[in-house]
Every structure is written in C-alpha cells, then in structure tokens.
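Open the model in your viewer and set it to show both cartoon and side chains. The tour below goes from stop to stop, saying what to select and what is there.

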Amino acid sequence: MTKPIRVAVTGAAGQISYSLLFRLAAGELYGPNQPIRLQLLEIPQAMGALEGVVMELSDCAFPTLDGVDIYDQPGAAFEGIQAAFLVGSRPRGPGMERSDLIQVNGPIFVGQGRALNHADSAVRILVVGNPCNTNCLIAMNNSDIPQDRFTAMMRLDQNRAMGMLAAKANRTAASVSHMVVWGNHSNNQYPDFENARIDGKPASEVINDQTWLRENFVKDIQNRGAVVIKARGASSAASAANAALEHMKSLINPTPGDDWYSAGICSKGEYGVEPGLIFGFPVRTDSQGNIQVVEGLPMSDWAKTKFDFVLDELRKEREVVKDLLR
Ligand code: NAX
C-alpha cells in the first residue's frame, strides 16, 4: 500500500474549500494511485460546519482518500504535510479598506507561518486567502521553511485572462498559452496580453484590436471577481478552487514545452522587483521541482507603467505589515 501524502487545507468549511476538498479527495492532485490524507483547519466557531463537510467526504467513498483529520489550531494541522492550501482568512466586511483587511488577516499568517515548521521538508505552500501576496509574505517571514516553497495565487487571474482572450479570438482556452499576470492579486494586477500567444502566434496579432486589449481586456480581468459576485450573488469559489488545484499541480510537475504559468513567488530581483516581495511572475518548474522566473520578457512603455503601478502597490502593502515581518 502506497503511503498517503498529507495535504493541509485551511478555511476548510468555507466556499472555496467546498469545491477544492472533493477534487483533492478524488485524486486530482497526485493521481488515482496515490492516497492522500486531508488535514483540515478551521476556527473553533466553524468546527460544526466542518464536521458536516467531513461527513460528505466520507459519503463520497473516494478510493484515494486515506482519511480526514480536523483541527482548530494550526500546529498539528501542518504536521508532515507535503502541500498546504492556505485558503482561510476573514472576508472583507462592509466599509473595510484593503489596508484594514491586511491588518485583520496579517496575524493569522504569522501563526500559520510558524506552524508550517511542522511540515515535511518537501512541502509546497499556496496562499489563497486575501490579500494573498502579502499574507504569503507574512507567512514566509515567520517560518524557517525555504522561501521558494511559498507561493501566492495568481492562477485564477491567469485562467480568467486565457478564457477571455480565447472567447474574443473565437478559440478554446487550450489554444492560449504564455499568459502571465504580473504583480498582485488585486484590481491593479497587469494581465500581459503582449507576451500571450494564441495558437502559438502573438495574441495581439490574432486579436488585432489594441483598444480592446489595453482597455476592455485589462480592466475586465482586473474586475472579474467583482462582476462574478454581482451576477452570482456569491464569490467565485469553484473557479478559485480549480485555480488552486492547477497552481499546486504546476508546482510539482515539470512545465510542458516552453510555456509558463503565473504565480506569486518570492522575488530574487527579477525584472527589477526588489528581493523578498511576493510578486506575480511568469514561472516554470523544472524536472527537479525547482521553480524559476522566466526572464527577459519584453514590455512596451505602456505595459511598464502598469507593472510599476502594481509593484508600488505591493511595496505599500508590505509597509502596512512591516511589524509582522521578522
Ligand atoms: P469563506 O468566507 O467562504 O471561507 C473562509 C473560511 O476561512 C471560513 O470558513 C472561515 O471560518 C475560515 N477562517 C477564517 N480565519 C481562519 C483561520 N485563522 N484559520 C483557519 N480558517 C479560518 O471564503 P472563500 O470564498 O472560501 O474565500 C477564501 C479566501 O480566498 C478569501 O480570503 C477570498 O478573498 C480569497 N480568494 C482568493 C482568490 C485568489 O485568486 N487569490 C480568489 C478567490 C477568493 O476571493
């Protein structure tokens, strides 16, 4: 019997987890021959709801699910894990500014960063809970785990951008590649159509409409989350869960061909981003599991202003949480 891989999910009674957990348990991350054990973390008030989710997981009789353990404290929840999905955080309440959200959620990631020291040495960490880049920065700075294991989710933005370019070009999303969303998972992110390709050709040749690309496309991707909330009456949970799963798969499997994926990772100074910031870059995973930024992508002067703007936003977010960074 293959030894189960331990996977932690925080915010396990929330909306995103309600989609993510069932896909993990069904074997979508490690395949149909690899059992997994889920280690789920919630706040004490949500443990009742979490027990209901655990019942449903049992009721699916997934052959790949070795078992489920639930916790209301982070330490034991992260014991021996090889993958961590840090989804849990407080949602933005009425009248809350982004900086208020950062201050409310920051301390959660101090504790979770420390608790991640209980993880397996091979662990890969994905922060989904918002503001995810800065929460990831906090967790990374409060942990002894190597910095390159900490990542923040830009994948939903990437997938949204691929879907929208495909629709405009009247193709399927599979024909869109080389999509990077630079910077922050915020409405100042820069979805880079200049380097994207459709059927291997530059996207801006296939969609020969600079006004649409620069104005409609960029703004629509930046605001997509709010538009989904307005239409659905609830946030984008299933597409976020899908993106989280794809992100983790990209971290543990070599990147095919010469493509790349978007992930918030710790800068080593690439593209002039100061070392230590968690910034959305074009990333590849090699056959040893090392992740590296794809360097040398060209950018127009127009694109550079978008890039600089979102970089500045992340610097300001870091300033807000500087007391939480050790
Ligand atoms: P929900 O409010 O449905 O679920 C969040 C869960 O986290 C709740 O059950 C809550 O009890 C739990 N929680 C709160 N504090 C916790 C803590 N200290 N430890 C463990 N659990 C804790 O939100 P949901 O729709 O699932 O979204 C979760 C997070 O993902 C939010 O912060 C949201 O903003 C963020 N998102 C990030 C995205 C991204 O692309 N990075 C996209 C989707 C989503 O907006």
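Two rings of Phe, Tyr or Trp count as a pair if their centres lie within 6.5 Å. Keep in mind throughout that this is a predicted model.

**Stop 1: the aromatic cluster**

Select Trp182, Tyr271, Phe279, Phe281 and Phe307, which ring pairs link into a cluster. The whole structure holds eleven aromatic pairs. One of them is formed by Trp182 and Tyr271, with 4.8 Å from centre to centre and 70° between the planes. Planes over 60 degrees apart count as edge-to-face, and the pair of Trp182 and Tyr271 is edge-to-face.

Now colour the chain by position. Trp182 sits in strand S8 (residues 180-182), whereas Tyr271 is in the loop between strand S12 (261-266) and strand S13 (278-285). The two are 89 residues apart, and their pair links distant parts of the chain.

Are these two residues buried or exposed? Trp182 counts as buried, because its relative accessibility is 0%. Tyr271 has a relative accessible area of 21% and is partly exposed. The limit for buried is under 20%.

Stay in the cluster and pick Phe279 and Phe281. Their ring centres are 5.1 Å apart and their planes stand at 55°, so this pair is tilted. Both Phe279 and Phe281 are buried.

**Stop 2: helix H1**

Select residues 15-25, which make up helix H1. How many residues of H1 are buried? Eight of the eleven are, so H1 is largely enclosed by the rest of the structure. The buried ones are Ile16, Ser17, Ser19, Leu20, Leu21, Phe22, Leu24 and Ala25.

To see what covers these buried residues, add strand S1 (5-10), strand S2 (36-41), helix H2 (47-59), strand S3 (65-71), strand S4 (83-86) and H10, which are included in the cover. Then look just after H1, where Gly27 takes a positive phi of about 95°.

**Stop 3: H1 against H10, then H2**

Two packed helices are described by the angle between their axes and the distance between the axes.

Keep H1 and add helix H10 (residues 237-252): the two axes come within 8 Å and cross at roughly 45°. H1 and H10 are therefore oblique to each other. Their crossing is right-handed. On the H1 side, the contact is made by Gln15, Ile16, Ser19, Leu20, Arg23 and Leu24. On the H10 side it is made by Ala237, Ala238, Ala240, Ala241, Asn242, Ala244 and Leu245. Sorted by kind, the residues of the contact of H1 with H10 are nine nonpolar, three polar and one charged.

Swap H10 for H2. The axes of H1 and H2 come within 11 Å and cross at roughly 35°, and this crossing is also right-handed. H1 contributes Tyr18, Leu21, Phe22 and Ala25 to the contact, and H2 contributes Val53, Glu56 and Leu57. Here the residues divide into six nonpolar, no polar and one charged.

**Stop 4: Glu246 and Gln158**

Go back to H10 and select Glu246, which lies in that helix. Glu246 is partly exposed, with a relative accessible area of 28%. Leaving aside residues up to four places away in sequence, Glu246 touches Arg155 and Asn159. Glu246 and Asn159 are 87 residues apart along the chain, and their C-alpha atoms are separated by 9.8 Å.

Next select helix H6 (residues 155-169) and find Gln158 in it. Gln158 has a relative accessibility of 4% and so counts as buried. Beyond four places in sequence, Gln158 touches Met179, Val181, Tyr261 and Ser262.

**Stop 5: H4 and H5**

Finish with helix H4 (residues 98-115), and select Gln112 in it. Gln112 is buried, its relative accessible area being 7%. Which residues does Gln112 touch, not counting those up to four places away in sequence? They are Thr10, Leu41, Pro74, Phe78 and Leu86.

Add helix H5 (residues 132-141), whose axis comes within 7 Å of that of H4 and crosses it at roughly 35°. The crossing of H4 and H5 is right-handed. Ile102, Asn105, Gly106, Phe109, Val110 and Gly113 of H4 meet Thr134, Asn135, Ile138 and Ala139 of H5. The residues of this contact divide into five nonpolar, five polar and no charged.

Technical notes: Residues numbered from 1 in each chain as written. Predicted model: local features only at pLDDT ≥ 70, side-chain atom pairs only at ≥ 80, totals over all residues. Heavy atoms only, no water. Helix = DSSP H or I, 4+ residues; strand = E, 2+ residues; numbered from the N terminus. Buried < 20%, exposed > 50% of the residue type's maximum accessible area, 1.4 Å probe, protein only. Contact = heavy atoms within 4.5 Å. Phe/Tyr/Trp six-rings, centres within 6.5 Å; stacked < 30°, edge-to-face > 60°. Axes fitted to C-alpha atoms, helices over the stretch in contact; angles between N-to-C directions. Parallel < 35°, antiparallel > 145°, perpendicular 65-115°, else oblique. Left-handed = near helix turned anticlockwise from the far one by under 90°. Nonpolar A, V, L, I, M, F, W, Y, C, P; charged D, E, K, R; others polar.
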